[in-house]
Amino acid sequence: MKIGPYDFDQFLDLVRRFHGYAAPGVVMGGCMVEMALQSMPPDVLYDAVAETRKCLPDAVQLLTPCTLGNGWLRVVDLGRFAVSLYDKDRGHGVRVSVDVEALNGWSEVKAWLLKLKPKAEQDTRLLLEQIREAGSALYRRTAVRLRGRFLQRKGGGEIRVCPLCGEAYPQEHGRICRGCQGDSPYESDPNATENPMPPPFLRAIPVEQAVGRAALHDMTRIVPGVLKALAITHGQRIGAGDVCRLQQMGRRTIYVADRGVPSDGFLHEDEAARAFAQAMAGRGVGLRLPPREGRVNLVAEQEGLLVVEEERLEQFNMVAGVMCASRKSYSLVGRQKVVAGTRAIPLFLPRQQFDRAMAVLDRGPLFRVLPLRRARVGILVTGTEVFQGLIRDRFIPVVTAKVEGLGCRVVGRRIVPDDRTAICSGVGDLMAAGSDLIVTTAGLSVDPDDVTRQGLIDAGARDILYGAPILPGAMTLLARIGPVSVIGVPACALYFKTTSFDLMLPRLLAGVPVTRRDLARLGHGALCLECKRCTYPKCSFGR
């Protein structure tokens, strides 16, 4: 059996020298790479994708020009023992994977791959012999075409020197290197400072000695249950009357900077908060300036749906010495309503912590407020009992009230029987009436008579998502028919005041794509408590 230019025993020796021992995964990987190479045209320039980090990338690097270093080999860790070679320009290629059914004839290979035996009990000699004897019978080949993002070539980009560690790194990573952003694998990080000491240029003096000096920060007077207001503002010259007021507030000392505040090394809390807020604000979000008590609030410049980059908000808050708190993502907000607030924790923030926080924000805004489009809504009620007049329809009033409450207009209403042809025809009528959002109701359960989904498919529905971890609303359906959005509302909407429809409708109107992963994330918090008096959205449902 040939593996590249080697016979089987020569390849075993090569693996031993490269990997340290005759690793079965590298040996099988070599057989798989050989199968893929046999399927590639001889003059094609190809790249490789390995679907596991274990062993298989080593085989690719041993037998092809594709390596991790030159970027021609990519590891997409799906946990599957499979490798693909593909035309680096057109994306056409071949994928080779282990044929699990074929393992039944090779007991030691099966035990190794499926981990049916502890490693100490495996017979390595027999395992390698079975890999040799089985040859290509263990694997299967499939034609594939790679997605466009795998065909894009990225240049090296510019290099800059990190101001914190002094080492060179790609400028595209941000204003500081990724190691100083917190991705360093080392326990000891000289740039990480959780509890910085007060800056050396600050000195605490008794308040009675502060007359004539400028306040370095806002100072707040609090009367429990009565008052919380600024008593002294940043930059204000402290007078004799202020001394008495400060003493009544419980202050005995204040900070002063005898030699002024140096321009490097530290940032005042106001300056830091302003910079953070400016970087955080995206479309439809403004700032409430100047800073007050070291804090800058971000406000909605328009009514709409708040969208939060939750992962990067968490990354920002992982930086010592800074904070940002926001309303929940996908909340409906009114114009000039506060959506978030940010500040530095210390009075003077060390420059390295500021740079680390800004490196997170350099990747783009954290907050957007998206306007809701004024959709033209078509309502399709399905149900033979309603169509025949045996039961009075109650869906249309419910749906109409909800969509009109968000500024939409109902342009068509249809009631059709539980018949896929009639449902398809009803969808066509609503689209002809100018609907750009179709709301279907009922007919979405597991009952055999519920054929709404089939009728929607006949009408051209694509990208269907059926079922959501939301109670009430598990049978929710989302789809598209060309440019028209479709949402299927289950029968629970007739009984419960708030359902999945209330969670999904604002997203559709704001043009926010909804994926299966988005629905999956809703499961945490999407259990309605069925309160006797519904207070949604001032409750935990969908949060």
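**Buried helices and two cores**

Visitor: Which residues of H15 are buried?

Guide: In H15, the buried ones are Ser500, Phe501, Asp502, Leu503, Met504, Leu505, Pro506, Arg507, Leu508, Leu509 and Ala510. Keep in mind that this is a predicted model.

Visitor: What makes helix H15 "mostly covered"?

Guide: A residue is called buried when its relative accessible area is under 20%. Eleven of the eleven residues in H15 (500-510) are buried, so each of them falls under that cut-off. Right after H15 comes glycine 511, with a positive phi near 75 degrees.

Visitor: And in helix H12, which residues are buried?

Guide: In H12 (residues 395-405), they're Phe395, Ile396, Val399, Thr400, Lys402 and Val403.

Visitor: What covers the buried residues of H12?

Guide: The cover includes H15, along with strands S23 (376-382), S24 (409-416), S25 (437-441) and S28 (484-489). Just after H12 there's glycine 407, which has a positive phi of about 85 degrees.

Visitor: Why is a set of 43 residues called a nonpolar core?

Guide: The name fits because a core is made of buried residues of certain kinds, such as Met, Val, Ile, Leu and Tyr, joined through side-chain atoms within 4.5 Å. The largest one here has 43 residues, and those with the most contacts inside it are Met28, Met32, Val109, Ile131, Leu138 and Tyr139. Several elements give two or more residues to this core, including helix H1 (8-19), helix H2 (24-39), strand S6 (92-98) and helix H5 (124-134). H2 gives the largest share, eight residues. Another core lies apart from it, with 40 residues, among them Leu406, Leu465, Phe501 and Leu509. In soluble globular proteins, nonpolar side chains tend to be buried together.

Visitor: What does Leucine 138 touch?

Guide: Leaving out residues up to four places away in sequence, it touches Met28, Ser97, Val98, Asp99, Ala102, Leu103, Trp106, Val109 and Ile131. We say "touches" because heavy atoms come within 4.5 Å.

Visitor: How do you know that the protein isn't a compact globule?

Guide: Set the two values side by side: a compact globule of 543 residues would have a radius of gyration near 24 Å, but this protein has 32 Å. Its C-alpha trace spans about 95 × 80 × 45 Å along the principal axes.

Visitor: What share of the contacts comes from residues 24 or more positions apart?

Guide: Among contacts with a separation of 6 or more, it's 67%. As for the elements, the protein has 16 helices and 28 strands, and buried residues make up 46% of its 543 residues.

Notes:
Residues are numbered from 1 along each chain as its sequence is written. This is a predicted model: local features need pLDDT of at least 70, side-chain atom pairs count only at pLDDT 80 or more; totals for chains, interfaces and linings use all residues. Side-chain values use heavy atoms; hydrogens and water are left out. Helices (H or I, at least four residues) and strands (E, at least two) are DSSP runs, numbered from the N terminus. The radius of gyration is taken over C-alpha atoms; the globule rule is 2.2 Å times the number of residues to the power 0.38. Buried means under 20% relative accessible area, exposed over 50%, partly exposed in between (1.4 Å probe, protein chains only).
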